[in-house]
Structures are given as structure tokens and as C-alpha cells.
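User: Could you take a close look at one part of this model for me, and then follow the contacts outward from there? A connected account would suit me better than a list.

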Amino acid sequence: MTGTPEPVHIVGAGRAGLGLAGALAAAGKPVVLLARHEVKAPATVQVIPDAALWPAALSAAGLVLLAVPDDAIEKVARQLAPHLPAKAVVLHLSGLRDRSALKPLAGKVAATGSFHPLQSLVDPLDAPMHLRGAVAALEGDGEAVAAGRRLAQHLRMQPVELLAEQKAAYHAAAALVSNGAVTLAGLAEDLLSAAGIRDLPGHRMVGPLLTGTAHNVERLGAGEALTGPIRRGDAKTVQTHLDTLPLGLRPLYVALGRETLRIAREQGLESARAEAVEKVLRSGSV
């Protein structure tokens with residue numbers, strides 16, 4: 001007979017910790033969430049809201065996830081080191097840092113590594129849906145990566161193994177897409193508002209556009225998903241955009257436009273049209 005599945009212990013009850021706890025619970029995995037205060041979590045998640053009770057809870061832990069800020073990982077690892085059993089596998093959730101952030105646990109636990117969900121977790125209630133199909137970036141000791149793969153399987157995520165030296169580029173790419181898209185959406189909302197468009201809030205207009213674009217990128221890749229005036233080589237439209245934008249936004253539009261033009265050329269934009277767009281972008285940069 002099989003015994004009760006071993007729970008996943010999650011240290012930290014911020015968005016990532018709560019989101020993963022809820023997603024794992026929804027997948028039928030037992031979860032113990034270690035917090036410093038009372039938090040609202042799914043009924044099937046065991047919450048321990050007092051750090052003084054953590055040592056007892058961790059004494060028999062198998063898989064431990066540190067859902068804490070990057071600059072706190074080493075400190076928390078040092079605090080937990082005396083209380084973790086030798087069999088434990090410990091993974092932190094940082095997209096940037098590697099297993100070296102867990103060096104206080106070296107030689108004291110079975111394996112260390114990192115498990116980074118390549119997804120934006122804002123509302124913990126939505127985490128099960130958002131994590132399904134998303135990438136889980138894994139790095140660390142062999143046993144840690146294997147544990148990360150099993151965790152990804154429970155969450156129906158796609159595991160991708162990284163080397164420690166690849167994490168900075170990986171995380172920069174993630175920030176460009178996730179944080180950059182939100183920033184651009186915010187600027188778009190400001191433009192719509194300044195233009196006096198009031199029938200719908202800006203985010204209700206921009207959001208579906210982002211969703212459609214993201215779907216096209218996922219299905220086709222960035223090159224084939226590219227549309228718009230630069231992809232068509234419509235220099236007059238690009239000039240109109242520059243004339244319309246506030247002065248402070250023009251350098252950003254030009255910088256993004258140059259990269260867009262590079263992709264458009266790779267996708268076969270004819271030379272004369274590309275040169276006309278490039279001329280407009282050059283004039284808009286002064």
C-alpha cells in the first residue's frame with residue numbers, strides 16, 4: 001500500500017508562495033505553508049503562521065521551497081539550516097540567482113537548486129490556471145533538478161533546465177517581456193486617456209490586444225507574429241505616430257522601432273520600404 005504523499009513545505013507567503021501553495025493544493029499535493037502571520041490560503045493548505053513553530057514543521061521535510069525575496073534567500077537559508085533534515089531538497093524561486101544563494105545549506109541537506117515559474121503571479125487564486133503550461137526554469141544539483149521536474153509535472157508546467165551562468169540572460173529576457181509589457185501598457189493607457197477616449201478604461205482596451213499578441217507569439221514566434229506599420233513599411237504612419245507622441249516618449253518609440261524594423265527586415269520587408277522607415281526613425285531621434 002502507498003502511504004500519504006509527502007508534503008511540499010513552502011517558506012514565505014507572498015504572491016509566489018501563496019500562488020504555488022494554491023496551485024499544488026489544487027493538483028492534490030499536500031502543502032505546508034510557513035508564514036510569519038495569518039494568511040488566507042486554500043483550506044487544504046496547512047498554514048503555520050508563526051516562525052517560532054517552523055523548526056518543528058521542517059524537521060521531517062522532504063522538499064522545501066524558499067519563496068522569499070532574492071536578497072533574503074541566503075539569510076533565510078542560514079536560519080533554516082539547523083532545522084532541516086539531511087534528506088531535504090531545498091529550492092529557491094529566484095529567476096536570477098542560482099544554487100549558490102543556498103550555500104549555508106551546503107553539506108547539510110541532500111541537494112539545493114532553484115525553481116523559477118516563468119509566469120506573472122499577481123492573484124494567488126489564478127495561479128493554478130496561469131502556471132499550467134508555463135515554463136519552470138530549473139537549476140541546481142542533479143537531485144534538485146529531478147525534484148523540480150516532479151514539481152513541474154504536478155503543476156502541469158514545462159520544465160527547462162538552465163546552467164547557473166545562463167540565469168542572468170534568462171531573467172533579463174523575462175523582465176523585458178513581463179515587466180516591459182506592463183510598462184508599455186501603462187504608457188498606452190496614458191495616451192488613450194490624454195486623447196480623451198473614455199468609453200472603456202484603457203486597460204480594457206489594451207488588455208485584449210496584449211492577449212492576442214501573446215497568443216500569436218506563443219503559436220508562431222516573434223518574427224511571424226509581428227504586425228503593424230513598421231512590419232508593412234508604412235513610413236507615413238510611423239511619422240504620424242512620432243508627431244502625435246509627447247516629446248518624452250519619442251526616444252522610446254524610436255528605440256523600439258529600430259528593433260521592430262530589424263525583425264521586419266528579417267521577415268522579408270523590402271529594402272526601399274525599410275529604408276523609408278529607417279529615415280523617419282532617424283529624424284525622430286534628434
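Analyst: Happy to. The expected span of a helix is 1.5 Å times one less than its number of residues. That rule gives a quick check on helix H1, residues 15–26, in this model, which is predicted. With 12 residues, H1 should span 16 Å, and its end C-alpha atoms are indeed 16 Å apart, which agrees. Just after the helix comes Gly28, with a positive phi near 90 degrees.

H1 is mostly covered, with 9 of its 12 residues buried. Those buried residues are Gly17, Leu18, Gly19, Leu20, Ala21, Gly22, Ala23, Leu24 and Ala25.

What covers part of this helix? One neighbour is helix H5, residues 142–155, whose axis comes within 8 Å of that of H1. The two axes cross at roughly 70 degrees. Since angles from 65 to 115 degrees count as roughly perpendicular, H1 and H5 are therefore roughly perpendicular to each other. On the H1 side, Leu20, Ala23 and Leu24 make the contact, and they meet Leu151, His154 and Leu155 of H5. By class, this contact has 5 nonpolar residues, 1 polar residue and no charged ones. A general point about helices helps in reading that pattern: an α-helix has 3.6 residues a turn, so residues three or four places apart point the same way.

H5 also leads on to a strand. Ala144, which falls within the H5 range of 142–155, is one of the residues touched by Thr112. Thr112 lies in strand S6, residues 111–118, and is buried at 10% relative accessible area. Its other contacts, leaving out residues up to four places away in sequence, are Val90, Arg99, Leu102, Leu105, Gly140 and Asp141.

Arg99 brings us to the charged pairs, and the structure holds 10 salt bridges. The side chain of Arg99 meets that of Glu139 in one of them, at 3.0 Å from N to O. Glu139 sits in strand S7, residues 135–140, and Arg99 in the loop between S5 and S6, so the pair ties together parts that are 40 residues apart in sequence. Are the two partners buried or exposed? Glu139 is buried, with a relative accessible area of 1%, whereas Arg99 counts as partly exposed at 32%.

Arg97 forms a salt bridge with Glu74, where the closest N and O atoms are 4.0 Å apart. Arg97 is in the loop between strand S5 (89–92) and S6, while Glu74 is in helix H3 (residues 73–80), so this pair ties together parts that are 23 residues apart in sequence. Arg97 counts as partly exposed, at 27% relative accessibility.

Another salt bridge lies further along the chain, where the side chains of Arg265 and Glu278 meet at 3.1 Å, N to O. Arg265 belongs to helix H11 (residues 250–266) and Glu278 to helix H12 (residues 271–284), so the link ties together parts that are 13 residues apart in sequence. Both partners are partly exposed: Arg265 has a relative accessible area of 36%, and Glu278 comes in at 32%. As for shared partners, salt bridges join Glu74, Arg78, Arg97 and Lys103 into one network.

How values were computed. Residues numbered from 1 in each chain as written. Predicted model: local features only at pLDDT ≥ 70, side-chain atom pairs only at ≥ 80, totals over all residues. Heavy atoms only, no water. Axes fitted to C-alpha atoms, helices over the stretch in contact; angles between N-to-C directions. Helix = DSSP H or I, 4+ residues; strand = E, 2+ residues; numbered from the N terminus. Parallel < 35°, antiparallel > 145°, perpendicular 65-115°, else oblique. Contact = heavy atoms within 4.5 Å. Nonpolar A, V, L, I, M, F, W, Y, C, P; charged D, E, K, R; others polar. Buried < 20%, exposed > 50% of the residue type's maximum accessible area, 1.4 Å probe, protein only.
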